[in-house]
Amino acid sequence: LNGTTPSITTYARTASGNASPTRTIVGGSTQLNQPKGLAFDSTRNEFFVANYGSNALTVYGRTDQSSAAPVRTISGPDSGINGPYDVAVAGSEIFAVNYTNSSVTVHGTTATGNVTPTREIRGASTGLGGPTGIAVDTTHSEIVTVNAYANIYWHGISANGNVAYTRLITGCENSAGCC
């Protein structure tokens with residue numbers, strides 16, 4: 001991902017050094033706008049991109065390139081997407097952390113348009129404050145989020161609403177230092 005010139009660049013799995021990309025998605029049709037996070041769904045061969053600048057999740061096919069338009073987009077006031085910073089895919093769900101409204105929104109991987117999330121973790125009890133990273137641990141049925149304010153929170157994978165975290169790591173100097 002490149003936020004200055006919004007693009008997605010793909011390299012060969014064994015690339016090293018000053019390697020040339022195998023393909024790049026870049027240009028006006030892509031709807032990329034300050035991309036911050038990317039997740040790959042190997043089941044559907046799709047990339048999900050968190051576009052902070054447009055409050056949208058855009059979806060691209062694995063082999064898309066050049067000025068490819070998204071296959072679909074999740075955005076709009078009903079979607080709960082607001083300052084998305086990162087995304088994760090687990091099973092048939094996409095999880096997005098939203099920096100601006102301090103939430104995790106969950107949509108189906110085939111969702112499109114201004115669609116209401118299937119669930120949302122949001123509120124004072126959640127501990128979320130400017131989340132910037134997310135991972136989903138399907139083995140332990142947990143969602144892990146990293147806040148811009150240096151805390152790491154765990155919630156149950158099916159958490160919904162203003163629910164308390166199940167555990168927490170504090171005391172990191174910044175989120176990059178915790179990971």
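The two exercises below concern a cavity and one of its lining residues in a predicted model.

**Exercise 1. The cavity and its lining**

Determine how many cavities of 30 Å³ or more a search of the whole structure finds, and state which residues line the largest cavity and which strands each supply at least two residues of that lining.

Solution. Begin with the search of the whole structure, which finds one cavity of 30 Å³ or more; the volume of the largest cavity is about 40 Å³. Next, list the lining, which is made up of Ile8, Thr10, Arg23, Thr24, Ile25, Phe47, Gly61, Arg62 and Asp64. Then assign these residues to strands: S1 (7-10) and S2 (23-26) each supply at least two of them, and the largest share, three residues, comes from S2. Finally, sort the lining by chemical class, which gives three nonpolar, three polar and three charged residues.

**Exercise 2. Threonine 24**

Decide whether threonine 24 is buried, partly exposed or exposed, and find which residues it is in contact with once its neighbours within four places in sequence are left aside.

Solution. First locate the residue: threonine 24 lies in strand S2 and is among the residues that line the largest cavity. Its relative accessible area is 24%, and because buried means under 20% and exposed means over 50%, threonine 24 is classed as partly exposed. With the neighbours within four places in sequence set aside, threonine 24 is in contact with Ser7, Ile8, Thr9, Gln65 and Ser66. As a last step, compare sequence with space: threonine 24 and alanine 68 are separated by 44 residues in sequence, while their C-alpha atoms are 9.5 Å apart.

Notes: Residues numbered from 1 in each chain as written. Predicted model: local features only at pLDDT ≥ 70, side-chain atom pairs only at ≥ 80, totals over all residues. Heavy atoms only, no water. 1 Å grid on protein atoms, 1.4 Å probe; cavity = no way out; pocket = protein on both sides within 12 Å on 5 of 7 lines; lining within 4 Å. Points joined across faces, edges and corners; volume = space filled by probe spheres on them. Helix = DSSP H or I, 4+ residues; strand = E, 2+ residues; numbered from the N terminus. Nonpolar A, V, L, I, M, F, W, Y, C, P; charged D, E, K, R; others polar. Buried < 20%, exposed > 50% of the residue type's maximum accessible area, 1.4 Å probe, protein only. Contact = heavy atoms within 4.5 Å.
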